[in-house]
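Let's take a friendly look at how aromatic rings meet inside a protein. Keep the picture in view as you read.

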Amino acid sequence: AGAPGTGKTTLVQQMIFANATRERPALYFTVLGEPTVKLMRYQQQFSFFDKEKVPSAVRFINLSKEAVSEDLDAVLDRIVAEVEQSQPGFLAVDSFRTIGGQMRPGGGGAGDAQAFTELTEFVQRLSLQLTAWEITSFLLGEYQESESRHPVFTVADSILWLMDEVDRNSAVRKLRIVKARGRAPMPGLHTFRITGDGLQVFPRIPEQQRERPARDAARLRSGVPGLDEMLDGGYPQGDVVMLTGPAGSGKTTFATQFVAQGLVEGENCVVAVFEEFPDAFLERAKTPPVDFGEMIAADRLSLIYLRPLDLSVDEMLSEILAAVRRTGAKRVVIDSLSGFEIALAPTFRVDFRESLYRLVGALTGAGVTILMTAEVIEPFPGGQFTSERVSFVTDNILVQRYVELEGDLRKVLAVIKMRGSNHAKDFRLYELTATGAIMGASMEDYHGITTGVPVRNT
């Protein structure tokens, strides 16, 4: 069920072409909504539409003549005759709403009540026939949620509701499993897109119920000279790392070196970028001796570019998880959360914290170590380290900032948080060079660092 244009026809035909065979064919009945020739003209543009299956495995039949007469007995007789002739395994009626006209329960006059009674009886008889034939049937209709008393919803074993939600200038397609007899459907609204391959659904809650990989005490080297010393040997494997700082402070450089170090040690990696095009990222990501282009060609590094507007968290998660499973990646970089939030459709930005929690849970459940970057305009002295207020989902937080030191603008870094691990408590200078970031001396001889203008101790 759903409004016109939400993808009902495409979804059902996609399922039918995936399952119908010569031995178990499918009958697709069109009624008044769209002529058969017109429907096939557009549906065959999808990759799932197999011309070789028409009409041997998938047969299209038009019921317009019977539907126009409003003779429900004639409609049922035609369906029964076609089924007995073809012995199908699948059947679809598109659109079921046009059978019996626009009759609604609770109509005004006696004629409406009589018509609704006849429609109810027709639906019951059709349901009994379909059950007796053991046919998997799909009934499509342009119904409103207020019409839940329509008899078709009573006999249906499963109800899928498709919708196209508009929020300001954004439109997002969503699907909800309203009813599924004998099953425990995944709750909530699940986003989906219609592409040249048909519908692609992105479940709202990823598979976090499965057994999670065991954690060990291994440390992953950061790739930044001097940083592992501050981290008591490196990032704990399987942790979530947040690297925050102002523009130009080197967040992407630190993330790139983290990836390069993993590739050097034989660990495959996934990088999701939002703030620049992949070519620009690769041009900047020069970390000898690793060639990111060669690593991508060898399928050891997957570079995901997710910048389109109206993106959902589940869509991004699907892309990243697919890349992780394909490459067997152990390190994932998201650069950056700030760009990711902007790319989201407005309807998802409201629940950004909850969405990020699900995202992190799914990725760590896959056994990977995650490094996320986030831009913060001024992390001190107010104490706000992450503009997204999502520090609760992280295991480690590293903060970068600028300070004025003897008339020069310098960069410093501090490790704010490491769960279950020792770490350095001091600020340390660092430099961004042609080959990457290098940690420098400790600023233990200075005070007032968080003010941005440190003063040497006397």
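A residue counts as buried when its relative accessible area is under 20%. Keep that cut-off in mind, and remember that this is a predicted model.

Searching the whole structure turns up 11 aromatic pairs. One of them joins Tyr235 and Phe258, which meet edge-to-face. Tyr235 belongs to strand E10 (residues 235-236) and Phe258 to helix H8 (residues 251-264), so this pair ties together parts that are 23 residues apart in sequence. Are these two residues buried or exposed? Tyr235 has a relative accessible area of 3%, so Tyr235 is buried. Phe258 is buried as well, because its relative accessibility is 1%.

Helix H8 also takes part in another pair, through Phe254. The planes of the Phe254 and Tyr430 rings stand at 85°, and planes over 60 degrees apart count as edge-to-face, so this pair has that geometry. Tyr430 sits in strand E18 (residues 428-433), so here the parts tied together are 176 residues apart in sequence. Both Phe254 and Tyr430 are buried.

Here are the two pairs side by side:

| Pair | Centre to centre | Angle between planes |
|---|---|---|
| Tyr235 and Phe258 | 5.5 Å | 80° |
| Phe254 and Tyr430 | 5.3 Å | 85° |

Phe258 has a charged neighbour too: Arg331 lies over the face of its ring, at 4.5 Å from the ring centre.

Finally, which residues form one aromatic cluster? They are Phe17, Tyr28, Phe46, Phe48, Phe49 and Phe60.

Technical notes
Residues numbered from 1 in each chain as written. Predicted model: local features only at pLDDT ≥ 70, side-chain atom pairs only at ≥ 80, totals over all residues. Heavy atoms only, no water. Phe/Tyr/Trp six-rings, centres within 6.5 Å; stacked < 30°, edge-to-face > 60°. Helix = DSSP H or I, 4+ residues; strand = E, 2+ residues; numbered from the N terminus. Buried < 20%, exposed > 50% of the residue type's maximum accessible area, 1.4 Å probe, protein only. Lys NZ or Arg CZ within 6 Å of the ring centre and 35° of its normal.
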